Structure formats: structure tokens, C-alpha cells
Amino acid sequence: MVSIGVMARLLIVDDESDIRKFARNFFRKRNIEVFVASGGRQALDIIAKENPGLVLLDIRMEEMTGIEVLRELRQSNPAIKVLMVSGVEDPDTIKEANSLGVIGYVHKPFILEELEKIVLAQLNP
């Protein structure tokens, strides 16, 4: 098991509670401080207060889409690393997310080894 320093901070934004709980537990075991948000407004509040090093941002959520969250986030914090998460590939959404500076995409269902490798690389460059 790979782990990194306690200072690494990750925000998981997903409207599915099972995914939030599972990912939070998975990354906490790797000594990462994990925050979770069930929607866009909550995510933006957490980002403003906690300044995570990486945001895993679901594209399809009810309250705000991941793209809407990303647009607002870029106005206040253009440098924060964002990894988009989705179970659906939509070329227009991917194009817009790329134009807003995302670092990549993770597809649901997660392959934990791949997700772990990507997250650890971003939090511990």
C-alpha cells in the first residue's frame, strides 16, 4: 500500500453517498485528508475553506453539474487541480472541461488501482 504525507488534501464531490463513503475510506487509509461534498454548492464552500490539493468532481449531479461547479471554481481558484469523474462519455462536456483546465478523467465504475495511482501522482508530484 502506497501512502503519502498527512498534509495531502482531497475533495470528493459526488451525489452518490456510497461512492463518497467508499472513496473517503479508501483514501483515508492512505493518509490523505479527505473531504466530501454531495453537491456543487457544498463543494465550493469546502474548497474556499479547506483548499484541497485535488478535487474529484462528478460531472452529473442534480443540484449543479460538475461543469457548472468547475466554471465557478475557475473564477475564484484557477490553479486548483480538478479530475472529472463520470460514468458517461459526452464529447461536448469533455471539450468544455478541457477548456476549463481539468487534469483528466476517471470513469465509473472506478478501477481502484488506477484511481489511486492518478490521485497519488497529483497530490505528491
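Helix axes here are lines fitted to C-alpha atoms over the stretch in contact, and the angles between them run from 0 to 180 degrees between N-to-C directions. Keep that in mind for the helix pairs below, and remember that this is a predicted model.

**View 1. Helices α3 and α4 run roughly parallel.**
Here α3 and α4, the latter covering residues 91–99, have axes that come within 10 Å and cross at roughly 15 degrees. Angles under 35 degrees count as roughly parallel, so that is the label for α3 and α4. Their crossing is left-handed. On the α3 side look for I67, L70 and R71, which meet T93, E96 and A97 of α4.

**View 2. Helix α2 sits alongside α3.**
Swing over to the other partner of α3 shown in this set: α2 packs against α3 at about 25 degrees, with the axes 10 Å apart. The two are therefore roughly parallel to each other as well. This time the crossing is right-handed. G40, R41, L44 and I47 from α2 make the contact with V69, E72 and L73 from α3.

**View 3. Five parallel strands make an open sheet.**
Read across the sheet and the order is β2-β1-β3-β4-β5, with parallel pairing. The edge positions go to β2 (33–37) and β5 (104–107); each has a single partner strand, so one side of each has no neighbour in the sheet. From one strand to the next, the twist averages 20 degrees. Five bridges link β1 (residues 9–13) to β2, and one pair to pick out is V13 with its bridge partner A37 in β2. Helix α2 (residues 40–50) packs on this sheet and touches β1, β2 and β3 (54–58), its direction making about 150 degrees with that of β2. Helix α3 (residues 66–76) also packs on the sheet, touching β3 and β4 (81–86), and its direction makes about 175 degrees with that of β4.

**View 4. Strand β4 is mostly tucked away.**
Five of the six residues of β4 are buried, so the strand is largely enclosed by the rest of the structure. With β3, strand β4 pairs in the parallel sense over five bridges. V55 has V82 as its bridge partner in β4.

**View 5. Two separate cores hold the nonpolar side chains.**
The largest nonpolar core counts 23 residues, and those with the most contacts inside it are L11, V13, V55, L57, L70, V82 and M84. Elements giving two or more residues to this core are β1, β2, α2, β3, α3 and β4. Zoom in on M84: leaving aside neighbours within four places in sequence, its contacts include L57, I59, I67, L70 and A97, as well as V102, Y105 and V106. A second, separate core has 17 residues, among them F26, L54, L56 and V85.

**View 6. Helices α1 and α5 meet at a slant.**
Now for α1 (residues 17–28) and α5 (residues 112–123), which pack at about 60 degrees with their axes 12 Å apart. That makes α1 oblique to α5. Their crossing is right-handed. Three phenylalanines of α1, F22, F26 and F27, make the contact with L112, L115, E116 and V119 of α5. F26 is worth a second look, since this residue also belongs to the second core of 17 residues.

Terms used
Residues are numbered from 1 along each chain as its sequence is written. This is a predicted model: local features need pLDDT of at least 70, side-chain atom pairs count only at pLDDT 80 or more; totals for chains, interfaces and linings use all residues. Side-chain values use heavy atoms; hydrogens and water are left out. Two strands pair if DSSP finds at least two bridges between them. Helices (H or I, at least four residues) and strands (E, at least two) are DSSP runs, numbered from the N terminus. Contact means heavy atoms within 4.5 Å. A nonpolar core is a set of buried Ala, Val, Leu, Ile, Met, Phe, Trp, Tyr and Cys residues joined through side-chain atoms within 4.5 Å. Buried means under 20% relative accessible area, exposed over 50%, partly exposed in between (1.4 Å probe, protein chains only). Angles under 35 degrees count as roughly parallel, over 145 as roughly antiparallel, 65 to 115 as roughly perpendicular and the rest as oblique. A crossing is left-handed if the near helix is turned anticlockwise from the far one by less than a right angle, and right-handed if clockwise.
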